[in-house]
Amino acid sequence: GKKVKSLADIYGISARHTDRTVQKFLDSVDNSTNPLLSYELLPRILESKVKLANDWNKCSGGFGIMYGHLASIDGWLCTTQKPYDVTNPSNYRSGHYQRFGLNVQAMCNPNLRIIYCSIAGPGKMNDARAYWKMIGLHKWLDELDDQYFCSSDNAYTLSNKVLIPFSGASRHEGYNLVYNYYLSQLQIRIEMAFGQLTTKWCIFRSDLNCSTKKLPNHQGRSQITQLCHQR
């Protein structure tokens, strides 16, 4: 989780050679056909979903009323330096955080482990728009049985498979207040997962030197490249 210069100092090699080694490693992982690096995080078999729902139920104080919850969804801005290889760098600047970055959408399990992650768009894109770009996630949600669902915040659209809290004046009403409380016990786990990620990999607390050519291959790279060049 350290920068190239720090790695060069640690291993006693030049910064240029260190950068070349890191890029070679990333290319190898990105283009690998090794089945050990090709795995699906989202639980698809029934047994996995039942276990996941039981584990989430233990995190909730709702006495089982939130049973069936499988994941918390939220967006995270991976901050970067101003990109130099796109026609409109302002697409990467988040108006909320006033920083350049990438909109990363992720889901976690109750143990704070990421079970889904997608670079959904440039930093200017809000979570609601980014969410609708994740075709694979929507397919997974559509295939869920009726008793299963996920949670998110008000930036997302309410549906049978994604529950969001009440907002505005209605959030102070009795039952709505109780619902928001128990939903927040689940939704806070993704915020904790992001905190754990940036604590473990401290490099994420600084602005990455981002090149769109090094973004994920295949659908990930083509989608975000198109998004960044649309404007």
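**View 1. Ile-10 in helix 1 and its neighbours on the surface.** In this predicted model, Ile-10 sits in helix 1, which covers residues 4–11. Look at the surface here and you will find a nonpolar patch made by Ile-10, Tyr-11 and Ile-13. Together these residues offer about 330 Å² of accessible area.

**View 2. The hairpin of strand 3 and strand 4.** Here strand 3 (residues 99–108) runs antiparallel to strand 4 (residues 114–122), and 7 bridges join them. Cys-108 has Ile-114 of strand 4 standing opposite. The two strands, strand 3 and strand 4, form a hairpin with 5 residues between them. While you are at the turn, take a look at Leu-112, whose phi is positive at about 70°.

**View 3. Ser-94 and the residues around it.** Ser-94 belongs to strand 2, which spans residues 93–94. Ser-94 counts as buried because its relative accessibility is 6%, and buried means under 20%. Leaving aside residues up to four places away in sequence, Ser-94 touches Leu-77, Arg-99, Gly-123 and Lys-124.

**View 4. Stepping back to the whole protein.** To place the close-ups, follow the elements from the N terminus: α-α-α-β-β-β-β-α-α-β-β-α-α. That gives 7 helices and 6 strands. Of the 231 residues in the protein, 39% are buried. Taking contacts between residues at least 6 apart in sequence, 60% join residues at least 24 apart. On the outside, the protein exposes about 13800 Å², with carbon and sulfur atoms supplying 56% of that area.

How values were computed: Residues are numbered from 1 along each chain as its sequence is written. This is a predicted model: local features need pLDDT of at least 70, side-chain atom pairs count only at pLDDT 80 or more; totals for chains, interfaces and linings use all residues. Side-chain values use heavy atoms; hydrogens and water are left out. Helices (H or I, at least four residues) and strands (E, at least two) are DSSP runs, numbered from the N terminus. Buried means under 20% relative accessible area, exposed over 50%, partly exposed in between (1.4 Å probe, protein chains only). Contact means heavy atoms within 4.5 Å. Two strands pair if DSSP finds at least two bridges between them. Patches are made of residues with over 30% relative accessible area and no salt bridge: like charges are joined within 9 Å, nonpolar side chains (Val, Leu, Ile, Met, Phe, Trp, Tyr) within 5 Å. Accessible areas come from the Shrake-Rupley method with a 1.4 Å probe; for residues, only the protein chains shown count as cover. A salt bridge is a side-chain nitrogen of Lys or Arg within 4 Å of a carboxyl oxygen of Asp or Glu.
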